[in-house]
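Grab a pencil and work through these exercises with the structure open beside you. Each task comes with a solution in steps.

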Amino acid sequence: MIYEHAIRPMLFNLPPEAAHSGTLRIAGALARVGLIGNTIERILKLEDERLAISSAGLKFPNPIGLGAGMDKNAIALDLLGQLGFGSLEVGSISSNPSGGNRSTPRLQRVPQEQSLLVNYGVPNDGIKVIAERLRRYHACAPLGVSLVETNTGVQNTTSAVIEELQKAALVAAPLADYLTINLQCPNSISGPFAKASNLRALLRALADIGDMPPTFLKTAATTDERLIDELTGTACDFPFVRGIALSVIIRRPFATTGKHHSSTTGSVTGGPLRTLALESLRAWYRRIDRQRLMLIGAGGVSTGAQAYEFIQNGASLIQLVTALVYRGPAVARRIKSELLAAIERDGVANIQEAIGCVMV
Ligand SMILES: Cc1cc2nc3c(=O)[nH]c(=O)nc-3n(C[C@H](O)[C@H](O)[C@H](O)COP(=O)(O)O)c2cc1C
């Protein structure tokens, strides 16, 4: 309430990118004052064993994760970790530092649709610098590190992209509970990994690292069965790959709803993405090997009812970013409490039991 009536109007008076980076800097500073972080954690605390998810060899205290893109450089992880998310994903991080896209604005709000238009182009400080911050972080939920090709604005050869991702994974692997490989490369529209042979070469290079944590492949939301079969077929040959994370559609005008987005490039997040995200989730859940791979759903989840629908349609975990901007720091707590009410209403023993329950 305080967020929606007092803090959000203040933040929304600032240009979106300045509000995003400023909030993270303040959150980073506040976390150093232990008392503040602990008070926030106490106010937002809602732990319940019925919300826990065990999957991919990891135990998540609840299925509501913070997605990549909120804290690209791991500068505010300690405070973000106190907001009650069941997992936190930093990044996307590249092997080399990158300033991201040059054209501005790189972030726009569309409050009418509870949506953001993102055209950052994965700016980040690079894996070496960020690794130092990760070493100092005390995790209270599984920590994911999202890796991506460095944005140089110039299309790279596939072998160079693979070499880069391997280098980044080598540094990140010992510091992360899980890795996410962002297959949407910033320097090309479709990315080299839409082709199965390229994806296989990438996964072989990552397997060569040896001690890989559970790894998820993040790919654009699609319902294309051929793409789904190719990707999951390849992924299943590599035991360290434990799941698929479904993402936004990159650099394409958004064609389903979103009249406010129709003529703009960049990724649309939040509300307008939800229908497509859910359709894609259902298409993947129908076709994946559920013993081998889990699904992470994302796209416009901001309430317990929406999270429950994603879970019932096959998501083991949910990631959100946009809802944190619109609903504020209590969003995970609110969703968790609504999820508990939903399973009590339906007589379901725990949230894990609800995964894919409408899909059988
Ligand atoms: C500002 C912003 C930056 C993002 N940056 C990344 C990124 O660097 N890497 C990535 O894999 N996803 C990124 N995403 C996508 C989110 O992780 C998430 O998949 C997507 O926004 C859909 O969820 P939402 O509708 O809850 O935001 C970003 C999203 C936003 C809003």
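For the classes used below, Ala, Val, Leu, Ile, Met, Phe, Trp, Tyr, Cys and Pro count as nonpolar, Asp, Glu, Lys and Arg as charged, and the others, Gly among them, as polar. The model is predicted, so local features need pLDDT of at least 70 and side-chain atom pairs count only at pLDDT 80 or more, while totals for chains, interfaces and linings use all residues. Residues are numbered from 1 along each chain as its sequence is written.

**Exercise 1.** Sort the shell around the ligand by class.

*Solution.* Start with the 28 residues around the ligand; G67, A68, G69, T269 and T322 come nearest (a residue is near if its C-beta atom, placed from the backbone, lies within 6 Å). Next, the elements giving two or more residues to this shell include β4 (87-93) and α11 (322-327). Finally, count the classes: 13 nonpolar, 13 polar and two charged residues.

**Exercise 2.** Which strands pair with β10, and in what sense?

*Solution.* First, β9 (residues 215-220) pairs with β10 in the parallel sense over six bridges (pairing takes at least two DSSP bridges; strands are DSSP E runs of at least two residues, helices H or I runs of at least four, numbered from the N terminus). Here K218 stands opposite A245. Then look at β12 (residues 294-298): three bridges join this strand to β10, again parallel, and A245 stands opposite I296.

**Exercise 3.** Why is β10 largely enclosed?

*Solution.* Seven of the seven residues of β10 (residues 241-247) are buried, so the rest of the structure largely encloses this strand. Buried means 20 or more other C-beta atoms within 10 Å of the residue's own, exposed 12 or fewer, and partly exposed in between, with C-beta atoms placed from the backbone.
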